[in-house]
Amino acid sequence: MASGKAPDDARTRHPYGRDPDAIERPVFSATIRPHCSLSRLGFRVVMVACGGVALVTGIAFLQMGMWPVTGFFGLDIAALWLALTLNARRGRSFEEVVISQIEVLVARVSHRGERAEWRFNPLWTRLHKVEDEEYGLLSLSFVSRGQRVLVARDASPTERQTVADGLTRALAEVKKGY
């Protein structure tokens, strides 16, 4: 059996019936990251497997007297390493989308750590979608007073649709309050 007093509602409620901090609390918040093709372990496995295949076939071609082929296998492995390394670095970028009663915030952080922000009034902001019957939702953007900002650009069409549904509900909830 629990003992103690019930919380005093007069102390926890605002005199006008609304919580003054609720206006800044997010109605919607999401961090959107691009799909990363490989983990660190996956990267190592692919590099070791491809390097092993290149080494074995390179030695075979070297024994047949076709030594330039071995060098091209080395270039292929170097190109694969570079491509996978760049992909992993790009995977560190992300977008943050926060909708509160007073603003819509879109922040984009690049893989280098550079941050760009856009802030909109939620009452003047609408969601613009470009859809294709075959591929789904191709692009999603916020439009406010002539300014357009793409959202979820690195997401797949199905992921973009999920984000769009959440953003639509959040904007409707914010606009319903006014």
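**Figure 1. A look into the largest pocket.** A pocket here is an open set of points on a 1 Å grid over the protein atoms alone, with protein on both sides within 12 Å along at least five of seven lines, and a lining residue is one with an atom within 4 Å of a point. The model is predicted, so local features need pLDDT of at least 70 and side-chain atom pairs count only at pLDDT 80 or more, while totals for chains, interfaces and linings use all residues. Residues are numbered from 1 along each chain as its sequence is written, and side-chain values use heavy atoms, with hydrogens and water left out. The largest pocket comes out at about 330 Å³, where a volume is the space filled by probe spheres set on the points, and grid points are joined across faces, edges and corners. Its lining has 13 residues, and Arg40, Phe43, Leu84, Thr85 and Ala88 are the ones nearest the centre.

**Figure 2. Which helices line the largest pocket?** Helix H2 (40-63) and helix H3 (67-90) each put at least two residues into the lining. Helices are DSSP runs of H or I with at least four residues, strands are runs of E with at least two, and both are numbered from the N terminus. H3 gives the largest share, five residues. By type, the lining splits into five nonpolar, four polar and four charged residues. For that split, Ala, Val, Leu, Ile, Met, Phe, Trp, Tyr, Cys and Pro count as nonpolar, Asp, Glu, Lys and Arg as charged, and the others, Gly among them, as polar.

**Figure 3. A nonpolar patch on the surface.** Trp81, Leu82 and Leu86 make up this patch, and together they offer about 300 Å² of accessible area. Patch members need over 30% relative accessible area and no salt bridge; nonpolar side chains (Val, Leu, Ile, Met, Phe, Trp, Tyr) are joined within 5 Å, like charges within 9 Å. The areas come from the Shrake-Rupley method with a 1.4 Å probe, and for residues only the protein chains shown count as cover. Leu86 sits in helix H3 and is partly exposed at 41% relative accessible area. Buried means under 20%, exposed over 50%, and partly exposed anything in between (1.4 Å probe, protein chains only).

**Figure 4. Zooming out to the whole chain.** The chain has four helices and seven strands, and reading along the sequence gives α-β-α-α-β-β-β-β-β-β-α. Of its 178 residues, 26% are buried.

**Figure 5. A salt-bridge network.** The structure holds five salt bridges, each a side-chain nitrogen of Lys or Arg within 4 Å of a carboxyl oxygen of Asp or Glu. Side chains of opposite charge can pair when their charged atoms come close. Glu96 pairs with Arg115, with the closest N and O atoms 3.3 Å apart. That pair links distant parts of the chain: Glu96 is in strand S2 (residues 94-99) and Arg115 in strand S4 (residues 115-120), 19 residues apart. Arg115 also meets Glu117 in a salt bridge (2.8 Å, N to O), and Glu117 meets Arg119 in another (3.0 Å, N to O). Shared partners join Glu96, Glu103, Arg115, Glu117 and Arg119 into one network. How open are Glu96 and Arg115 to the probe? Both are partly exposed, Glu96 at 25% relative accessibility and Arg115 at 44%. Glu117, at 36%, and Arg119, at 47%, are partly exposed too.

**Figure 6. Leu105 and Asn121.** Leu105 belongs to strand S3 (residues 104-109) and is buried, at 12% relative accessibility. Its C-alpha atom is 9.1 Å from that of Asn121, and the two residues are 16 residues apart along the chain.

**Figure 7. Two loop residues with positive phi.** Arg145 isn't a glycine, yet its phi is positive at about 50°. Arg145 lies in the loop between strand S6 (136-144) and strand S7 (147-151). Ala152 isn't a glycine either, and its phi is about 55°. Ala152 is in the loop between S7 and helix H4 (157-176). Which is buried and which exposed? Arg145 counts as exposed because its relative accessibility is 66%, whereas Ala152, at 0%, counts as buried.

Conventions
On a 1 Å grid over the protein atoms alone, a cavity is a set of points where a 1.4 Å probe fits but cannot get out, and a pocket is an open set with protein on both sides within 12 Å along at least five of seven lines; lining residues have an atom within 4 Å of a point.
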